[in-house]
Protein chains: 2
Amino acid sequence: MDLLLQFRVNSNLFLRDPESSVIGKQIVRKSIDLIDDLGFEHFTFKKLAIEIGTTEATVYRYFENKHRLLLYILNWYWSYVEYLFLIQLRGIQDPKEKLVKVLDILTNHLSNGFGEVDFDQSKLIQIVIKEGSKTYLVKDVKEINQEEVFKPYKEICEQISQIIVSIDSQYLYPHSLASTLIEAVHHQTFFSIYLPKLTDYSKHNSKNYVFEYLKNLVSSLLNY
Amino acid sequence: MDLLLQFRVNSNLFLRDPESSVIGKQIVRKSIDLIDDLGFEHFTFKKLAIEIGTTEATVYRYFENKHRLLLYILNWYWSYVEYLFLIQLRGIQDPKEKLVKVLDILTNHLSNGFGEVDFDQSKLIQIVIKEGSKTYLVKDVKEINQEEVFKPYKEICEQISQIIVSIDSQYLYPHSLASTLIEAVHHQTFFSIYLPKLTDYSKHNSKNYVFEYLKNLVSSLLNY
DNA sequence: CTTAAATAATAGTAATACTATAATAAAATA
DNA sequence: TATTTTATTATAGTATTACTATTATTTAAG
């Protein structure tokens, strides 16, 4: 099952499959550590290479540039979420319950992990929250979009959209609501930590603040 | 009135007030053009200096680095929005109507401009949409937050939050909803242009798509 | 066992993000 | 008015970044 997920990552994202060699796996694993430590702006292939005891040129054989590596990491994440959807929504009939489970998966970042993964999951989540939007907020979105690099994100959005429609077939903005929910998970989590005045986090003692907020939002919105 | 707005920009953001000299004003005006043209990542002080016929060192006398310049531009924008709120919400009594007007101001980017400004307004809006989140998605958010550089954003959020509470005093997440609306304006506008599958833009022939979506969202949510 | 192909290491370059110092202009004071 | 002081810009530099080209080494194939 581990392998299945990894094979889904779009081959446009890399020059050489990082899963095909030991050094490739190290590149991905260590880059997750480093991007989390330094932030994407201060992360460089030089620093990564030193960290894993190789050279920049070697890293460049795997990824064209650090933006592609970030895309690779996020594609992996979205594929992982898709897998969680698959196994965790399977048993649920009620679409309302399904949507709550979706929010749970998206916000309850840790702990719902399956089996073992060879990197720090909490660091991955931090990258998704802090650096995720940098995958698409670039000058060449249009071009890279044609390479299908945002496909897993769109598929997640499509799935959530279908759940929304099955709750309320009259609702006019299912895709926008789906992408708003996904983005809200990220920026509300970020804000609650770093810019809490942009949230009501301090008034709620819940550690599942973002989950509660969005659960309330969808239930009011789709009236249930 | 013009001056009033400009004086509100936090002096922590610059080394020397760009409004105090001709070259300072050129730096701000041309940087708006260039950031829009190149994207923030490819924008450099060197390119800016060449464009306005000066040197990098001169630009560095005004702004510590390009991130500070971006913050300056966004602070200017948020102060401008605050001013629009002030004059355009004044006559409205009904808080529901007020909230719709807020969404109108936030989404109907152009045309509600007052008087003249000495730069391209549509380029400013593009920067707000595409680069705005890069002001806070940085390693040192915590530190720069202490310098009050996000104050105008928080004030806008606070104002919207108060409107929300006056519509529904029982609503538990007014600040989160406010910041979600602001962020949604930006990413939904971005998605509708560059990643339309993340929206329902194609199904609606409205050029005010994001406005309609969010108006519908708040009216369902706060039941009116 | 040899040759070819794949991979990594070494050594570069152009651009970026600054900084230090020198030159010039403007302002303030004698 | 002359002369300091100060403010501002220009010149020239450095370290780092983002790559690339070439060479060396390993692995695989015939």
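Let's start with what covers helix 9 of chain B. Its buried residues are covered by elements including helix 5 (66–89), helix 6 (95–107) and helix 10 (174–194) of chain B. Buried means 20 or more other C-beta atoms within 10 Å of the residue's own; exposed means 12 or fewer; partly exposed is in between; C-beta atoms are placed from the backbone. Contact, here and later, means C-beta atoms, placed from the backbone, within 7 Å. Helices are DSSP runs of H or I, at least four residues, and strands are runs of E, at least two, numbered from the N terminus.

A word on the model. It is predicted: local features need pLDDT of at least 70, side-chain atom pairs count only at pLDDT 80 or more, and totals for chains, interfaces and linings use all residues. Residues are numbered from 1 along each chain as its sequence is written, while chains are lettered from A and ligands numbered from 1 in the order in which they are written.

Back to helix 9 of chain B. Which residues are buried there? They are B:P152, B:Y153, B:K154, B:I156, B:C157, B:I160, B:S161, B:I163, B:I164 and B:I167. The length works out too. The helix has 17 residues, 151–167, so at 1.5 Å a residue it should span 24 Å, and its end C-alpha atoms are 24 Å apart. That expected span is 1.5 Å times one less than the number of residues.

Now helix 10 of chain A, residues 174–194. Its 21 residues reach 30 Å from first C-alpha to last, close to the 30 Å expected. Where does it bend? At A:A184, by about 25 degrees. The bend is the angle between axes fitted to the seven residues ending there and the seven starting there. Of the 21 residues, 18 are buried, so this helix is largely enclosed by the rest of the structure.

Confidence next. pLDDT is the predictor's confidence in each residue, from 0 to 100. Chain A averages 91, and 92% of its residues score at least 70. Helix 10 of chain A is highest, at 98; helix 1 (residues 2–7) is lowest, at a mean of 43. Over residues 1–7 of chain A the pLDDT is below 50, and this stretch has five contacts in the model beyond near neighbours in sequence.

On to the two chains together. 39 residues of chain B are in contact with 39 residues of chain A. On the chain B side, helix 8 (141–146), helix 9, helix 10 and helix 11 (209–221) each give two or more residues. Helix 10 of chain B has the largest share, eleven residues. By class, that side has 18 nonpolar, 13 polar and eight charged residues. Ala, Val, Leu, Ile, Met, Phe, Trp, Tyr, Cys and Pro count as nonpolar; Asp, Glu, Lys and Arg as charged; the others, Gly among them, as polar.

Last, the DNA. A residue is near a strand if its C-beta atom, placed from the backbone, lies within 6 Å of it. Strand C is surrounded by 15 residues, the closest being A:T54, A:T55, A:A57, B:T44 and B:N65. Helix 4 (56–62) of chain A and helix 4 (56–62) of chain B give two or more residues each. Helix 4 of chain A gives the most, four residues. Around strand D there are also 15 residues, and A:T44, A:N65, B:T54, B:T55 and B:A57 come nearest. There, helix 4 of chain B gives the most, with four residues. The strand D surface divides into four nonpolar, six polar and five charged residues.

Technical notes: Contact = placed C-beta atoms within 7 Å.
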